[in-house]
Amino acid sequence: MKNYVIFKLILIPLFFFPKSIYAINPPVIKATGNQIYCPGTSLNIVQTITILPDPNKLTTDAVSIQISSGYIFGQDLLILTGTHPTISFNWIPSEGKLQLYTSTGSNVPYADFEASIADVKFNTSSASPSGTRTFSINLGTGQLSYLPRNKHFYEYVPFPGITWTDAKTAAETKNYYGLQGYLATLTAADEAQLAGAQAPGNGWIGGSDATSESVWKWVTGPEIGTIMTYTNWNTGEPNNGVFQDSDGVIRPHSIENYAHVTAPGVGISGSWNDLPDVGGGGLYASQGYIVEYGGIIPGDVDAIKISASTKMTMSQITVNTPASVCGSGIFSLQASTTTGTIDWYDVSAGGTSLGTVDNYTTPLINTTTTYYVDYGCPNRIPIIANVNTIPNITSPITPISKCGSGTVTLQANSNVGIINWYANSTGGSILATGTSFTTPNLTANSTYYAEAFNNGCSNGIRIPVNVFVYTPPVVTDQEVTKCKSSTSILDAGVPGMLYLWSTGGTTQTITISTSGIYTVDVTSPAPENCTSRKKITVIEYKIPEIDRVVVNVTKVVIYLKEEEVYFEYSVDGINYQSSNVFFNLPSGLQTAYVREINLCSNDSKTFIILIVPGFFTPNGDNYNDFWEIKGLTNYPQAQVSIFDRYGKLISVLNTIQTTWDGMFNKYPLPADDYWYVLKIDETTPEKRGHFSLKR
């Protein structure tokens, strides 16, 4: 397991300086610029810049500018502007460093770098940057970094595989313009930022707990022997146990006695970790060390002026959002800034200041008004004093009627804002919000309430909306029959209403002469005005027509040209039946009748039944004394020939002589069977049979 110290500021990469920087008479850099930075702008890092060169060396090849404190990776940026033919630049985001170097590869006069430094601008993408930014300006490409606060220099020396012990020795042999080097002692957050998070790689620093396990001290530089007070140990790790470290190597905790700043991308940026003297494996392998210059001898850092620094303070403004008022009101507007003063205006540009105070009290206003805060930056900050109009319901809300149970959609409008719907005149929950509200299913009269709101403002009045539920007229559809070529009266069936027939009629009853479907809208009088529709189907019955009557002895069937279920049949004109078949009818001339059941129309046709008697008794008792085929008189051409058993012709019957009395030549014939031949006409086949004469 690794132990980390977390530096709360993001660290800045180190600069790299050429060997030529170690001159006997170093140049002197002087810069001014303690400025206010406004969000969204781009500002020169210096107001003035002067480089006094070594008299023996009037040219150089590079200058580096680093955001040495307050740097925010991914937001802050340095960029060279203007036209500089001899100067090129390179921005290193991980180190917060801008390198200026000759574009020709040869040294150029210091004046060229003065001009380019004067055109370096800072900007940040943050909409609300905070704190300060310190800019250090150093000669050379930037192997060293400069911290203006303590005037110390920091150098990252790449040296893969070097041990902590060797790194300590190597650092103490280094010298920068007379300043003694030592493994860096990072005693403050800005040091950790600059020499840790912004370093190009991992490296040893001057901390160790080799003397007393888990008691970490600085063992190099002017802080030698002091406790590393910013250390934040992982208290869950055993002090002297054996464990598998995060680099995969199993080693006792007690041998991890030396501090190094972790590589970029390992843990939290700029944190430090404990390792053995030889370093760890993988990402924890030793890659170099960090040298700090300055502080060994009090005042030694004031002896050289090879670096200069400027500072920008991020201008921040905090404004309140005042609560809205209803109708009118006086607002207390508040604002504060980290820099400068605050002026209040009622216009976005120009105008006369309303006051230079943190708190501004408006006059009584009855409309929404925008005020503006000027805090020294280009754009004034708007603050809106929002006055909400007290709403009123504008559309007239009248009682709503509903015919029958169901839902009702209520409507209301306001001059501003929204409308809430309630079931109660006060209190209760909101049923719906909007200009319309659909009620649940209603079966009885009900009342709902509408109240207008505008951003929480209301006149406190709920407008009632009455819903009246009426019962529509009760109607029943009908089926009506009528006789052909006759009229019928149709009745809406509910008196005292308003009527509208499909024929255009407006009375309760109408007279019609044709079949079809008729409708009538039956409407109850105001205020109900409920309408029900009745449908009346009118069926017109046909006129019956007899096609033929078929007689089979005493069975008779009446056939029509077109059968219908509403026709009735009769053979005596009195008794009618639905069947067209009749049995046991007497002999003689008969009449077949058919009619429509509503007695609208009828038809009739005569037919004849000829019944040949099977016997007769001519004994003078006036009962069955003659043999006769009844109905024969209806056939003028009919003739019946009677024979005895021997074939002798006894008598001939016709329309004139219709009966035989059992006599032959005035003598009675004996009881016996006799034969007949019936001939109706020339087109009808003969009918033969026999009968008995009984004495």
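This is a tour of a predicted model, one selection at a time.

**The whole chain**

Start zoomed out, with the protein chain as a cartoon. You should be looking at three helices and 60 strands. The radius of gyration is 63 Å, well over the 26 Å that the globule rule gives for 695 residues, so the chain is more spread out than a compact globule. Turn the C-alpha trace along its principal axes and it spans about 195 × 70 × 55 Å.

Now switch on the surface. About 33,500 Å² is accessible, and carbon and sulfur atoms hold 52% of that. Buried residues make up 44% of the 695. If you draw contacts with a separation of 6 or more, 63% of them link residues 24 or more positions apart. Colouring by charge gives you 39 positive and 54 negative charges, with mean positions 10 Å apart.

**Helix α1: S116**

Select residues 110-118, which form helix α1, and pick out S116 inside it. Is S116 buried or exposed? S116 has a relative accessible area of 0%, so it counts as buried. Show what lies around S116: leaving out residues up to four places away in sequence, it touches L80, H84, I87 and L100.

**Strand β23**

Next, select residues 288-293, strand β23. Six of its six residues are buried, so the strand is largely enclosed by the rest of the structure. Turn on the side chains and look at the two faces of β23: G288, I290 and E292 are on one side, Y289, V291 and Y293 are on the other, and all are buried.

Then add the strands that pair with β23. Strand β14 (residues 152-158) runs antiparallel to β23 and is joined to it by six bridges. For a landmark on that seam, find P158, which stands opposite G288. Strand β16 (residues 179-183) also pairs with β23 in the antiparallel sense, over three bridges. Here the pair to label is Y182 and E292, which stand opposite each other.

**Helix α3**

Keep β23 on screen and add residues 189-197, helix α3. How many of the nine residues of α3 are buried? Eight of them are, so this helix too is largely enclosed by the rest of the structure. To see them, select D190, E191, A192, Q193, L194, A195, G196 and A197. What do the buried residues of α3 pack against? Their partners are β6 (62-69), β13 (144-147), β14, β21 (258-261) and β23.

**K151, between β13 and β14**

Two of those strands, β13 and β14, are linked by the loop that holds K151. Check the backbone at K151: phi is near 65°, a positive value in a residue other than glycine. K151 has 32% relative accessibility, so it counts as partly exposed.

**A cis peptide bond**

Now jump to the loop between β44 (516-523) and β45 (531-541), where P527 sits. The peptide bond from A526 to P527 is cis, with omega near 10°.

**Around strand β50**

Move on to strand β50 (residues 588-596) and show β48 (residues 567-570) with it: the two pair in the antiparallel sense over four bridges. F567 faces E596 across this pairing. Then bring in β51 (residues 602-609), which runs antiparallel to β50 and is joined to it by eight bridges. Label Y593 and S604, which stand opposite each other. The hairpin of β50 and β51 has five residues between the strands, and among them L599 takes a positive phi near 60°.

**The five-stranded sheet**

Next comes an open sheet with mixed pairing, in the order β52-β60-β59-β54-β55. Which strands are at the edges? They are β52 (615-616) and β55 (649-653), each pairing on one side only. Within the sheet, select β59 (residues 672-679) and β60 (residues 687-693), an antiparallel pair with seven bridges. W675 has H690 in β60 as its bridge partner.

**Last stop: K666**

Finish at K666, in the loop between β57 (663-664) and β58 (667-668). K666 is not a glycine, yet it has a positive phi of about 70°. Is K666 buried or exposed? Its relative accessible area is 77%, so K666 counts as exposed.

Key: Residues numbered from 1 in each chain as written. Predicted model: local features only at pLDDT ≥ 70, side-chain atom pairs only at ≥ 80, totals over all residues. Heavy atoms only, no water. Rg over C-alpha atoms; globule rule 2.2 N^0.38 Å. Buried < 20%, exposed > 50% of the residue type's maximum accessible area, 1.4 Å probe, protein only. Contact = heavy atoms within 4.5 Å. Areas by Shrake-Rupley, 256 points an atom, 1.4 Å probe, with all protein chains shown as cover. Lys, Arg positive; Asp, Glu negative; His and termini not counted. Charge placed at Lys NZ, Arg CZ, Asp CG, Glu CD. Pairing = 2+ DSSP bridges.
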